[in-house]
Amino acid sequence: MASTYTTESTTARCRRRLHLHCKNRHRGVVCFFYAGKSHKRYLLFLTILYILGLITCAGPLLTILHPPPPPPPGSLYRSHELFAKLWPEIQSDNASTVESDNLWRYRRKLKEQKPCLNAKAYQQFFAPAVQRYLVVEANGGLNQQRSSICDAVAVAGLLKATLVIPRFDLHNVWKDPSEFADIYDEDHFISSLRDFVTVVRDLPNELMEGYNFSISNIPSFKVPARASDRYYLDEVYPLFQETSVVRISHFANRLTTSIPPHIQFLRCLANYKALRFSSTIRNLAKRIVNRMADKSLTSGGKYVAVHLRFEEDMVAFSCCVYDEGETEKSEMDAIRKKGWGKKFVIKNNISASGVNRINGRCPMTPVEVGMMLRGMGFSNNTPIYLASGKIYKEDQYLEPLRKMFPLLQTKESLATADELAAFHGYSSRLAALDYMVCLFSEVFVTTQGGNFPHFLMGQRRFLYNGHAKTIMPDKTKLVVLLQNTSISWDAFKDEMETMLAESDRKSIMVPRVKKSTRKGSIFLNPLPECRCLWESQNSTSISDLL
């Protein structure tokens, strides 16, 4: 019996062991299944981590093996670095190679011209004014408005209409509420045009009554940019059959450059004779010019005028970068948004800064102007008049120019605070002061282009029959030189002297004009179309402008 119990006990133990073994085997399969799944996830994580590591390590390796191309020459602003490097040599090199008494290397040679018509001969083209009136609204800054005024005179003569003194739009960038009489001599304007175009200050009351005595109630006719004389005759002239007054707002650039000679004569007459600054502007300008001459006694009263466009709105509009990092970017973005709204975003007008700089579209900084002039041979005792608005970060950017030219002057340094008080807040009137001081300079330096230098160069050419020196730097070449921080001062000077010679050659070129196929502006190059007016006015002294 004991044996039977032992056998049963042994059998039971075997069964339990077999049961547990089978149970454990089943559980092991399950556990192995789950352990295998976790293992796969772990392997996947390691694989991803490995790939990320390869990418992270391969990036710098690929950069070393295949480095990105260097920035194109002229695309980066490095002028401040170059100045810091070359300043000791610039400071020690003060020999002037520019003689003010012999500024022209090339002399203008005019071909034989046809005899000029007497001014009265043009009067036959312009019938006495009848009861039709032209109202225009000029927009933009000082000289864009000036262009619009001259075009308005030409269009009024073409349409045989009476011109109402042009009205000025208030722009959110220039913010100048000045009216025509605040900037120009109205009486002189009206009398100078009397024999060709009738000009009145206001519309007759009987006409204004029909528009509730408000010019803005007169419907505005839209004219395409650079419209031809034929367009005005076909599209605008018939309007006078329906109404006595035609209003054209936003009149900037609304007349093509190529127009019949007798209409072009009106443009010449308006710009070079009829438009004279108001007595308030002329009187202060005369005092500033005299003070600038007094400051230039070491050079015989002669001075160099530089038109600098490095105001914050100009820097913002150009979309150029001057290495001030995020601070500069945020400042410029805010100025663009305030001045031009969504223009740069909607029209995708923000271009790559490097491209703008390579193409010569970036405003020159004061240090770039100074290095250029010193390289061209102007010594540090050259009197410089700086025509500009409020310079962006003036204390920082203007210091190098003052170091290179200690005799630097501005309208703010030459006029008293009381004298300028009536001009503050009026950008066009301040620009008119700069215009007059630049007009009397021995040398005029333009750095950015635009209406101001174009009108000024044209006026100087007209007054001096072409012999008025203007320096127009080749900015596409200049930016390449200024980015090269390894260039020597002697090599830079050689390049600047070559650039000056080329500027001299281009400054005296007369555009070829056949009949009415002019491509350029008579505001920039008055000859040959305005030659006859010049000959009739050549007894007039430049001092008559003051």
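The largest cavity in this predicted model is lined by Arg357, Gly360, Arg361, Cys362, Pro363, Met364, Glu368, Lys475, Leu478, Val479 and Leu482. Its volume comes out at about 70 Å³, and the search over the whole structure turns up three cavities of 30 Å³ or more. Rolling a probe the size of a water molecule over the atoms shows where empty space is left. As for what sort of residues surround the largest cavity, the lining splits into six nonpolar, four charged and one polar. The biggest share of that lining comes from helix H20, residues 475-483, which puts in four residues. Glu368, one of the lining residues, also belongs to the buried set of helix H14.

That brings up H14 itself, which spans residues 366-376. Eleven of its eleven residues are buried, so the helix is largely enclosed by the rest of the structure. The buried set is a mixed bag: Val367, Val369, Met371, Met372, Leu373 and Met376 are in it, but so are Glu368 and Arg374, along with Pro366, Gly370 and Gly375. Right after the helix comes Gly377, with a positive phi of about 115 degrees.

Next, the sheet. Five strands make an open, parallel sheet, and reading across it the order is S8-S7-S6-S9-S10. Strand S8 (408-409) and strand S10 (469-471) sit at the edges, each pairing on one side only. Going in from the S8 edge, S7 (residues 384-387) pairs with S8 through two bridges, again in the parallel sense. Here Ile384 faces Leu408 of S8, and Tyr385 is set opposite Gln409 of the same strand, S8. On to the pairing of S7 with S6, where four bridges hold the two parallel strands together. Ile384 turns up here too, as the bridge partner of Val304.

S6 is also joined to S9 by four bridges, and this pairing is parallel as well. One of the matched pairs is His307 with Thr446 in S9. S9 then pairs with S10, running parallel to it over three bridges, with Val443 opposite Lys469 in S10.

How are the two faces of these strands covered? In a regular strand the side chains alternate between the two faces of the sheet. In S7, Ile384 and Leu386 lie on one side and Tyr385 and Ala387 on the other, and all of them are buried, so both faces of this strand are covered. S9 gives a similar readout: Val443 and Val445 point one way, Phe444 and Thr446 point the other way, and all are buried. Helix H18 (residues 427-439) lies across strand S6 (304-307), S7 and strand S9 (443-446). Relative to S7, H18 runs at about 150 degrees.

Past S9, the chain enters a loop leading to helix H19 (451-464), and Gly450 is found in this loop. Is Gly450 buried or exposed? Neither quite fits: Gly450 is partly exposed, because its relative accessible area is 36%, which falls between the 20% and 50% cut-offs. The C-alpha atom of Gly450 is separated by 9.0 Å from that of Asn143, although the two residues are 307 apart along the chain.

Another residue to look at is Glu137, in strand S1 (residues 133-138). Glu137 counts as buried because its relative accessible area is 7%, and buried means under 20%. Leaving aside residues up to four places away in sequence, which ones does Glu137 touch? The list runs to Arg167, Asp169, Ile215, Arg247, Ile248, Ser249, His250 and Phe251.

Zooming out, the protein has 22 helices and ten strands. Of its 546 residues, 45% are buried. Taking contacts between residues at least 6 apart in sequence, 80% join residues at least 24 apart.

Note on methods: Residues are numbered from 1 along each chain as its sequence is written. Side-chain values use heavy atoms; hydrogens and water are left out. Buried means under 20% relative accessible area, exposed over 50%, partly exposed in between (1.4 Å probe, protein chains only). Contact means heavy atoms within 4.5 Å. On a 1 Å grid over the protein atoms alone, a cavity is a set of points where a 1.4 Å probe fits but cannot get out, and a pocket is an open set with protein on both sides within 12 Å along at least five of seven lines; lining residues have an atom within 4 Å of a point. Grid points are joined across faces, edges and corners, and a volume is the space filled by probe spheres set on the points. Ala, Val, Leu, Ile, Met, Phe, Trp, Tyr, Cys and Pro count as nonpolar, Asp, Glu, Lys and Arg as charged, and the others, Gly among them, as polar. Two strands pair if DSSP finds at least two bridges between them. Axes are lines fitted to C-alpha atoms, for helices over the stretch in contact, and angles run from 0 to 180 degrees between N-to-C directions.
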